[in-house]
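Biologist: Before we look for empty space and bound molecules, could you show me how to read such features in a model, beginning with the vocabulary?

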Amino acid sequence: MSEFKTLRGMRDFLPEDARTMIYVEDVARKVARLYGYKEIITPVVESYELLAAKAGDEVRSRMFAFRDLGGRHVALRPEFTASVARLVATTLRNEPKPFRLFCMGSAYRYDEPQRGRYREFWQSDYELVGSSRPEADAEIIMLTDSLMQGAGLKKFTMKVGHVGVIRGILTQERIGEKQQSAIMQLMDKKQYDDAFKLVKNARASEKCLTVLRQLVECSSNDISKMLSRMEKLVENYEKSVAAVENLRQILELVSQSGCKIDATVDAGFARGLEYYTGMIFEPYVPHLDIALGGGGRYDRLVELFGGESTPAVGVAHGIDRIALGMQLKKTALKVEKEKTVMVIPIKEELRSEALKISRMLRDAGVLVEVEVMGRKMAKALEDADRRKMDYAIIVGERELKEGTVVIRDLAKRQQNTVKIDKMADEIR
Ligand code: AMP
């Protein structure tokens, strides 16, 4: 039989890498708690129809979709928002607004594997449901800032835009929604010529094309200058003017809160997923040219799944990409090294005593491994050393009779005899 390997785009995380992932997850959970987002758990497998409904062509075409044994058309989730919208439209229908939900777990996309792009990846997802106000949008940006700071990625930039600016123009030019989504997706991929061709084919005015051409070239980190320029460009498109004003309010609220993010407003920014209706953003770090997360406002998604019209804003962060960002920046994990102990019975007959001692230590909160290879003492100590354990507890017959064990400090190579009821204190 040939040697088994992981599938393309799928990874094993050995302890070192798993540790970084878990660290980022811990930071994400802490942020959720601090901001009042309650964690929920949704299924990895959902109906294809639900997941595909508003994912956008790009994500839809890359879903792990299949028929289950019952003949249902299902898929592995490519993200969390559809599942959350399903819940909001059904079980949580009558929940008092606003409510804040947090989910974390794996997601699946048949993407072309490369650095930071995998077929199985992890997201932390925050959704603020029920508010259409700019302070809700501001909160989602601030929360992303907290997560990035918590992961030690202090020098990140935020690319910000507003779907309403371009959609406003296209709507006023009487271009249908489906066409709009196709145009936005081309813009998202910076295929502007193709996007403009579609606009032209939809019989938009010359003026519209001129405005769009100027808009997509607009990008600056001088926020107020940029917003004024955008406002001027779209002055004949009422909805677009309102969108720019909305973006201004959101960014002002973020800055007035004292949250100092380095933002770049990009007028041609569209994001891949179809369901966004308002502000959108993506955080980036200098040494990685892929987004570490993506978020924005989606006011019509819940209604699409049969719920009442419910405004919402949310963000999904790529745990893998944040971990990668930390590794590239060599950010040290802030983990306290806890003392570890290896319990070694002097002879086979004392196995049960060793297990008993290990239970007592764990009950006292000490991290314990037990010698399970039947090694002689010298070899067992050597092994504990190699595993970088701090102490060995040697369980011997004579000591047990006196209610004691031997504790050996493996680094100092010193040992002494202590009462069993004092051993946990001794180690701490
Ligand atoms: P999206 O809403 O599609 O922009 O996804 C949100 C975030 O999930 C992205 O910014 C990435 O951090 C992460 N993500 C999406 N696709 C992948 C992938 N194939 N591999 C790793 N992370 C991903």
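Modeller: Helices (H or I, at least four residues) and strands (E, at least two) are DSSP runs, numbered from the N terminus. With those names, Pro 98 can be placed in the loop between α4 and β5 (99-108), and the bond joining Lys 97 to Pro 98 is a cis peptide bond with omega of about 0°. Another backbone feature is the positive phi of about 60° at Lys 190, which is not a glycine; Lys 190 belongs to the loop between α7 and α8 (192-201). The model is a predicted one, in which local features need pLDDT of at least 70 and side-chain atom pairs count only at pLDDT 80 or more, while totals for chains, interfaces and linings use all residues. Residues are numbered from 1 along each chain as its sequence is written, and side-chain values use heavy atoms, with hydrogens and water left out.

Biologist: Which residues come nearest to the ligand?

Modeller: A residue is near a molecule if one of its heavy atoms lies within 4 Å of it. Of the 16 residues around the ligand, those that come nearest are Arg 109, Asp 111, Tyr 118, Gln 123 and Arg 271. At least two residues of this shell come from each of β6 (120-129), β11 (293-297) and β12 (312-318).

Biologist: What lies 2.7 Å from an oxygen atom of the ligand?

Modeller: A polar contact is a pair of N or O atoms within 3.5 Å. A polar side-chain atom of Arg 109 is the one at 2.7 Å from a ligand oxygen, while a polar backbone atom of Tyr 118 is 2.8 Å from a nitrogen atom of the ligand, and a backbone N or O atom of Ala 291 lies 3.3 Å from a ligand oxygen. The protein covers 93% of the 480 Å² of accessible area that the ligand has on its own, with areas taken from the Shrake-Rupley method and a 1.4 Å probe.

Biologist: How should I read pockets and cavities, and what is the volume of the largest pocket?

Modeller: Rolling a probe the size of a water molecule over the atoms shows where empty space is left. On a 1 Å grid over the protein atoms alone, a cavity is a set of points where a 1.4 Å probe fits but cannot get out, and a pocket is an open set with protein on both sides within 12 Å along at least five of seven lines; lining residues have an atom within 4 Å of a point. The largest pocket has a volume of about 1,100 Å³, a volume being the space filled by probe spheres set on the points. This pocket is the space taken by the ligand, where a molecule sits in a pocket if more than half of its atoms lie within 2 Å of its grid points. Its lining has 47 residues, with Arg 109, Arg 117, Arg 271, Glu 282 and Arg 321 nearest its centre.

Biologist: How many cavities of 30 Å³ or more are there?

Modeller: The count comes to 2 cavities of 30 Å³ or more, and the largest cavity has a volume of about 70 Å³. Of the 11 residues lining the largest cavity, Arg 167, Met 184, Arg 271, Leu 273 and Glu 274 are the closest to its centre, and α7 gives the most to that lining, with 3 residues. The second largest cavity, of about 30 Å³, has a lining to which α2 (48-52) and α4 (81-89) each supply at least two residues.

Note on methods:
Polar contact = N/O pair within 3.5 Å; in protein donor to acceptor, adjacent residues only side chain to side chain.
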